[in-house]
Amino acid sequence: MSKTTNKLGHKIGTRGARTRRAILDALRGLLNHKHLGEIRAADVALAAGVSAPTFYTYFKSVEEGLLILCEEAGEDFQRLARHIHADWTADRAFESVRAYVLEVLALWNDHGPVLRVEHMLADKGEPGFAESRIKRMRRLHLALERRIAQAKANGAHPEGLSPRLTSYETANLVESVAAGFALMRRADTPEAIVDTTAHIVVKLTTGR
């Protein structure tokens with residue numbers, strides 16, 4: 001069913017939209033302090049202030065609600081590519097990449113618990129979550145791939161380097177930094193982590 005229709009096939013009005021949103025927000029809140037396997041539909045309903053049957057009016061399972069939260073996070077990620085498409089001449093590459101790294105950190109701060117579960121389920125081969133992750137990162141991957149391919153064509157990268165694979169690994173590096181940022185802060189300052197990550201991404205992308 002689409003988000004404009006509930007599981008009974010009824011159109012979701014203003015009140016229904018608020019209830020659906022409350023359920024999603026409750027699930028997001030529970031993910032902050034519980035593992036996915038510990039969260040039941042009844043727990044989400046209780047946290048949202050609705051009955052268990054009401055939960056099933058909008059979602060067939062906790063996982064379906066989670067997938068929608070993943071898709072919402074994915075929408076926010078689409079704006080990351082603008083940093084890669086920006087002017088990278090001279091020192092502007094570092095400035096653009098640093099802004100990209102900072103925005104990934106902000107997105108993980110907003111969506112971290114949801115994204116961690118998305119990663120886990122995608123790695124386990126769950127089709128919906130694998131597709132959600134691919135869709136979330138596709139625009140960024142393509143932007144990075146173009147930059148890397150251009151640098152390779154200009155002789156900045158070795159012949160055996162794959163721009164596509166490098167784009168995946170570069171984006172994954174930044175996601176890894178964002179996911180483990182709290183732990184990395186034990187080793188150095190936030191500024192050093194951001195700057196170092198930005199320098200690595202510039203090197204991986206441009207070869208310079």
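Helices H4 and H6 are oblique to each other, because the angle between them is about 125 degrees; angles under 35 degrees count as roughly parallel, over 145 as roughly antiparallel, 65 to 115 as roughly perpendicular and the rest as oblique. H4 covers residues 62-77 and H6 covers residues 92-123, and their axes lie 10 Å apart. Axes here are lines fitted to C-alpha atoms, for helices over the stretch in contact, with angles running from 0 to 180 degrees between N-to-C directions. The helices themselves are DSSP runs (H or I, at least four residues), numbered from the N terminus.

Keep in mind that you're looking at a predicted model, where local features need pLDDT of at least 70, side-chain atom pairs count only at pLDDT 80 or more, and totals for chains, interfaces and linings use all residues. Residues are numbered from 1 along each chain as its sequence is written, and side-chain values use heavy atoms, leaving out hydrogens and water.

So who touches whom? On the H4 side, the contact (heavy atoms within 4.5 Å) is made by Leu66, Leu69, Cys70, Ala73, Asp76 and Phe77. H6 brings residues including Trp108, His111 and Glu118. By class, this contact has 11 nonpolar, 1 polar and 2 charged residues. Ala, Val, Leu, Ile, Met, Phe, Trp, Tyr, Cys and Pro count as nonpolar, Asp, Glu, Lys and Arg as charged, and the others, Gly among them, as polar.

Now hop over to helix H10, residues 190-206, where you'll find Leu204. Thr197 sits in H10 too. Thr197 counts as buried because its relative accessibility is 4%, while Leu204, at 33%, counts as partly exposed. Buried means under 20% relative accessible area, exposed over 50%, and partly exposed in between (1.4 Å probe, protein chains only). Setting aside residues up to four places away in sequence, Thr197 touches Val101, Val174 and Val177. With the same kind of neighbours left out, Leu204 is in contact with Ile148, His157, Thr166, Thr170 and Leu173.

For a loop residue, try Ala90, between H5 and H6. Ala90 counts as exposed, because its relative accessibility is 62%. Ala90 also has a positive phi of about 55 degrees, although it isn't a glycine.

How confident is the predictor? The chain has a mean pLDDT (the predictor's confidence in each residue, from 0 to 100) of 93, and 94% of its residues reach 70 or more. Among the chain's elements, helix H1 has the lowest mean, 92, and helix H5 the highest, 98.

Definitions and conventions:
Helices (H or I, at least four residues) and strands (E, at least two) are DSSP runs, numbered from the N terminus.
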